[in-house]
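Let's look at a structure together and ask how its labels are earned. Each term should follow from a value and a cut-off.

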Amino acid sequence: MEQNTCGGAGCGSCCHHCGSCGQQDSLYLTPSELEILQQLAVTPFLPAGFNSRGKHPICLDCPGERESVSDTLLTLRQKRLISLDPEIPLQGFDYSAYGACPLHGSLALTALGQQVVELLEVQGAEE
């Protein structure tokens, strides 16, 4: 994972991949990040479970190993493409599969994430 050296301050020393400074010409997405964004384009809100501190999210609807999915979700949040809300559960959703998680919340695309998804639909992605 690339490190964001500018801290979102837009100082010009950005990694050009994090989405934090707004000065990048391109955005790097891993296949797993792209898959989650595409899933959120179809299903705007997904359930998520969190540990007691609201960190280390899991989403059983996302494919992959739990730890890998958790890392991918945190990276997408760092890139400001998704929001992770440990205090906003989905109304009417049965969180029984998330029994090991003390906090039940949700995840969704941000406005920037929606823009990225729309651009991907029009322009596609390069490897």
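Here are some questions about this predicted model, with their answers.

Q: Why is Ser 68 called partly exposed?
A: Ser 68 has a relative accessible area of 39%. Buried means under 20% and exposed means over 50%, so Ser 68, at 39%, is partly exposed. You will find Ser 68 in helix H2, residues 66-78.

Q: How do you know what span is expected for helix H3?
A: Helix H3, residues 111-123, has 13 residues. The expected span is 1.5 Å times one less than the number of residues, and for H3 that comes to 18 Å. From its first C-alpha to its last, H3 reaches 18 Å, close to the expected value.

Q: What puts Gly 113, Val 116 and Val 117 on the same side of H3?
A: These three residues of H3 are buried. They cover an arc of only 100 degrees around the axis, which puts them on the same side of H3. On the other side of H3, Ala 111, Val 122 and Gln 123 are exposed.

Q: What makes H1 roughly perpendicular to H3?
A: H1 and H3 pack at an angle of about 100 degrees, with their axes 10 Å apart. Angles of 65 to 115 degrees count as roughly perpendicular, so H1 is roughly perpendicular to H3.

Q: Which residues meet where H1 packs on H3, and how do they divide?
A: Leu 34, Leu 37 and Ala 41 in H1 meet Val 116, Val 117, Leu 120 and Glu 121 in H3. They divide into 6 nonpolar, no polar and 1 charged. Glu counts as charged, so the charged one is Glu 121.

Technical notes
Residues numbered from 1 in each chain as written. Predicted model: local features only at pLDDT ≥ 70, side-chain atom pairs only at ≥ 80, totals over all residues. Heavy atoms only, no water. Helix = DSSP H or I, 4+ residues; strand = E, 2+ residues; numbered from the N terminus. Buried < 20%, exposed > 50% of the residue type's maximum accessible area, 1.4 Å probe, protein only. Arc of directions from axis to C-beta. Axes fitted to C-alpha atoms, helices over the stretch in contact; angles between N-to-C directions. Parallel < 35°, antiparallel > 145°, perpendicular 65-115°, else oblique. Contact = heavy atoms within 4.5 Å.
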